[in-house]
Amino acid sequence: MRRYTPKKAILYSAFLFALMHMNPLQFPHTFLLGVFVGWVYFRTKSIWPCIWIHFINNGIVFSMALLSGSVDIAEANVEGPGPWSMLAVVPVGVIMLYGVILLLDQNLPNRPIWIQSSEEE
């Protein structure tokens with residue numbers, strides 16, 4: 001992150017994160033997740049919360065697919081959740097994300113998100 005401002009570093013890594021999933025339909029979701037995870041890393045300076053966020057996200061998506069019948073474990077066939085089941089979860093996800101951001105923002109050291117502090121230069 002030293003070569004770029006935190007804002008650019010977060011956006012570039014989020015773009016690469018989404019691109020590496022190689023799924024155009026998944027790109028917006030993974031890009032936003034990448035921005036959030038990048039922000040969490042910037043605020044905590046630890047990769048562990050980022051790993052947990054990715055793990056929880058994958059668990060939620062897999063659970064949705066399992067509950068919607070898109071996953072047949074006996075056949076090892078994964079189709080992915082349909083578009084309507086994904087739309088039904090979006091409001092819940094947005095509310096949960098807002099809550100997590102508020103919690104993190106209240107419990108992490110208070111510093112500007114997009115401005116590099118002197119100790120990071």
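Let's start in the loop between H1 and H2, where we find Met 22. Helices here are DSSP runs of H or I with at least four residues, strands are runs of E with at least two, and both are numbered from the N terminus. Met 22 has a positive phi of about 50 degrees, although it is not a glycine. Is Met 22 buried or exposed? At 74% relative accessibility, Met 22 counts as exposed. For these words, buried means under 20% relative accessible area, exposed means over 50%, and partly exposed is in between, using a 1.4 Å probe and protein chains only.

A quick word on where this comes from. This is a predicted model, in which local features need pLDDT of at least 70 and side-chain atom pairs count only at pLDDT 80 or more, while totals for chains, interfaces and linings use all residues. Residues are numbered from 1 along each chain as its sequence is written, and side-chain values use heavy atoms, with hydrogens and water left out.

Now let's step back to the whole protein. It has 4 helices and 2 strands, and from the N terminus on the elements run α-α-α-β-β-α. Of the 121 residues in the protein, 21% are buried. Contacts are next; a contact means heavy atoms within 4.5 Å. Among contacts between residues at least 6 apart in sequence, 51% join residues at least 24 apart.

On to the helix just before our loop. H1 covers residues 6–20, which is 15 residues, and reaches 21 Å from its first C-alpha to its last, close to the 21 Å expected at 1.5 Å a residue. That expected span is 1.5 Å times one less than the number of residues in the helix. Which residues of H1 are buried? They are Pro 6, Ala 9, Ile 10, Ala 14 and Ala 18. These residues sit on the same side of H1, because they cover an arc of only 160 degrees around the axis. The arc is taken from the directions from the helix axis to the C-beta atoms.

Two other residues of H1 are worth a look. Tyr 12 is found in H1 and is partly exposed, with a relative accessible area of 43%. Lys 7 lies in H1 too, and at 44% relative accessibility Lys 7 counts as partly exposed. Val 35 is a handy reference point for both. Tyr 12 and Val 35 are 23 residues apart in sequence and 9.0 Å apart in space, C-alpha to C-alpha. For Lys 7 and Val 35, the separation is 28 residues in sequence and 9.3 Å between C-alpha atoms.

What do the buried residues of H1 pack against? Their partner is helix H2, residues 27–44. The axes of H1 and H2 come within 8 Å and cross at roughly 140 degrees. That makes H1 oblique to H2. Axes here are lines fitted to C-alpha atoms, for helices over the stretch in contact, and angles run from 0 to 180 degrees between N-to-C directions. Angles under 35 degrees count as roughly parallel, over 145 as roughly antiparallel, 65 to 115 as roughly perpendicular, and the rest as oblique. The crossing of H1 and H2 is right-handed; that is, the near helix is turned clockwise from the far one by less than a right angle, where anticlockwise would be left-handed.

Who meets whom at this crossing? From H1 the residues include Ile 10, Leu 11, Phe 15 and Phe 17, and from H2 they include Phe 31, Val 35, Trp 39 and Phe 42.

Let's follow H2 itself. Its 18 residues should span 26 Å at 1.5 Å a residue, and the end C-alpha atoms are 25 Å apart, which agrees. Among its buried residues are Leu 33, Gly 34, Gly 38, Trp 39 and Arg 43. Phe 42, in H2, counts as buried at 1% relative accessibility. The C-alpha atoms of Phe 42 and Ile 10 are separated by 8.3 Å, with their places 32 residues apart along the chain.

After H2 comes Lys 45, found in the loop between H2 and H3. Its phi is near 60 degrees, a positive value in a residue other than glycine. At 39% relative accessibility, Lys 45 counts as partly exposed.

Last stop: Asn 57, in helix H3, residues 48–68. Asn 57 counts as buried at 15% relative accessibility. Which residues does Asn 57 touch, not counting those up to four places away in sequence? They are His 29 and Leu 33.
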